Each structure stands twice: as C-alpha cells, then as structure tokens.
Amino acid sequence: MKPEETVDYNVKVCWHAISRMYNTEAAKNDITTSIGFVLLNIDQEAGTPATKIAPLLGLEARSLTRILKSMEEKKLIFKVSDPSDKRLVRIFLTKKGLEKKEVSRKTVKQFNNKVRDQIPQEELDVFFKVCGRIQTMIENKDIF
C-alpha cells in the first residue's frame, strides 16, 4: 500500500496543510495556531479552568503549560485562583487576548466558509461521519 492510499497519511497531510495555513495567518497577528485555539476555548465572561482547556484541544497538560506561559508573556491572558477552591486556576482574557480571539474566530470562520462554499454538504456529512467512526474505533480500542 502506498502512503497516499492510507487513511492516516491523508489525514496527516491535510491537517499539516491546514496548520501551516493557520500559522501563516496567526504569525501576521503575532500568535500561533495553538494560541489561537486556546483563545477560542476561553470563556470571555467566566474564564475557563486551566484543567479544562487541554482536554478540549486534545493536548497534554505539559504542552498547555508552555502555551499558557507564552500567552501570559504576550499579555493575552491572566490567571485567577478560584476563591472557593485554591487548587483551581481560572484563565481570563486580557483586552489584547480578546482582540486576538476575534482574529482567530474570523480566521477559523473564513476557512470553514470557504470549504463549505467548495464542498457540498453531503460530502462534508460523509467526511464528519467517517472521522467520527475512526475516533470511536480508536477510543474503543478496536484497532490495537
């Protein structure tokens, strides 16, 4: 079987193309794709517990720690200890973080709108169904 005939190769190549495209756009705004996705997952009013962000993005806690440190250095976020549970830290967006979140939101929306303009909904439905089935197979350990 040639690499281009395998499911994982096609998923990887497509995701890397999307990631490079997002990173090119993100760099214009002094952020990264990872930062953009974190920004999109922080609740603007209530903040978001740091422990909830990594699972939302499929990241390891170590990776998220590095990203959050970078975001703090760029003044995109600030942390607040939860008054009722000192172990819990909530992440909030700064004004600059809110601005970058909006840029990220527009970028993701533009990509999705362009894809939806070019690919019929029926094909996207099949794509989403296949992705969901593959994820389920992996989660259920049906492969290994």
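# Worked exercises on a predicted model

Asp30 sits in the loop that joins helix H1 (7-27) to helix H2 (33-40). Keep in mind throughout that this is a predicted model.

## Exercise 1: backbone oddities

Work out what is unusual about the phi of Asp30, then do the job again for Lys141.

*Solution.*

Step 1. Start with the background: most residues other than glycine have a negative phi.

Step 2. Now look at Asp30. Its phi is positive, about 60°, and yet Asp30 is not a glycine.

Step 3. Check its surroundings. Asp30 has a relative accessible area of 47%, so it counts as partly exposed.

Step 4. Move on to Lys141, found in the segment after helix H6 (121-139). Here phi is near 55°, again a positive value in a residue other than glycine.

Step 5. Lys141 has a relative accessible area of 62%, so this one is exposed.

## Exercise 2: the overall layout

Find how many helices and strands the chain has, and in which pattern they follow one another.

*Solution.*

Step 1. Count the elements: you should get 6 helices and 3 strands.

Step 2. Walk along the sequence and write down each element as you meet it. The pattern reads α-α-β-α-α-β-β-α-α.

Step 3. Put a box around the C-alpha atoms along the principal axes, and you get roughly 55 × 35 × 25 Å.

Step 4. Tally burial over the 144 residues of the chain: 23% of them are buried.

Step 5. See how confident the predictor is. The mean pLDDT of the chain is 95, and 100% of the residues score at least 70. Element by element, helix H5 (residues 95-118) has the highest mean, 98, while helix H3 (residues 50-57) has the lowest, 90.

## Exercise 3: the sheet

Determine the order of the strands in the sheet and say which ones are at the edges.

*Solution.*

Step 1. Recall that strands of a sheet pair through backbone hydrogen bonds, either parallel or antiparallel.

Step 2. Trace who pairs with whom. The 3 strands make an open sheet ordered S1-S3-S2, with antiparallel pairing.

Step 3. Pick out the edges: strand S1 (48-49) and strand S2 (77-81) each pair on one side only.

Step 4. Zoom in on S2 and strand S3 (residues 89-93). They are linked by 5 bridges in the antiparallel sense.

Step 5. For a handy landmark, look for Phe78, which stands opposite Phe92 in S3.

## Exercise 4: salt bridges

The structure holds 8 salt bridges. Take the pairs Glu73 with Lys69, Arg87 with Asp85 and Lys95 with Glu99, and describe each one.

*Solution.*

Step 1. The idea behind it: side chains of opposite charge can pair when their charged atoms come close.

Step 2. For Glu73 and Lys69, the N to O distance is 3.0 Å. Both belong to helix H4 (residues 61-73), and because they are 4 residues apart, about one helical turn separates them. Glu73 is exposed, at 55% relative accessible area.

Step 3. For Arg87 and Asp85, N to O comes out at 3.1 Å. Arg87 is exposed, with a relative accessible area of 75%. Asp85, at 26%, is partly exposed.

Step 4. For Lys95 and Glu99, the closest N and O atoms are 3.7 Å apart. The salt-bridge cut-off is 4 Å, so the pair counts. Lys95 and Glu99 are both in helix H5, 4 residues apart, about one turn of the helix.

Step 5. Sort that last pair by exposure. Lys95 has a relative accessible area of 65% and is exposed, whereas Glu99, at 44%, is partly exposed.

## Exercise 5: the cavity

Search for cavities of 30 Å³ or more and describe the lining of the largest cavity.

*Solution.*

Step 1. Run the count, and you end up with 1 cavity of 30 Å³ or more.

Step 2. Get the volume of the largest cavity: about 120 Å³.

Step 3. List the residues around it. There are 14 lining residues, and those closest to the centre are Tyr22, Ala26, Gly36, Ser104 and Thr107.

Step 4. Ask where the lining comes from. H1, H2 and H5 each give at least two residues to it.

Step 5. Sort the lining by class: 7 residues are nonpolar, 6 are polar and 1 is charged.

Note on methods:
Residues numbered from 1 in each chain as written. Predicted model: local features only at pLDDT ≥ 70, side-chain atom pairs only at ≥ 80, totals over all residues. Heavy atoms only, no water. Pairing = 2+ DSSP bridges. pLDDT = per-residue confidence, 0-100. Salt bridge = Lys/Arg side-chain N within 4 Å of Asp/Glu carboxyl O. Buried < 20%, exposed > 50% of the residue type's maximum accessible area, 1.4 Å probe, protein only. 1 Å grid on protein atoms, 1.4 Å probe; cavity = no way out; pocket = protein on both sides within 12 Å on 5 of 7 lines; lining within 4 Å. Points joined across faces, edges and corners; volume = space filled by probe spheres on them. Nonpolar A, V, L, I, M, F, W, Y, C, P; charged D, E, K, R; others polar.
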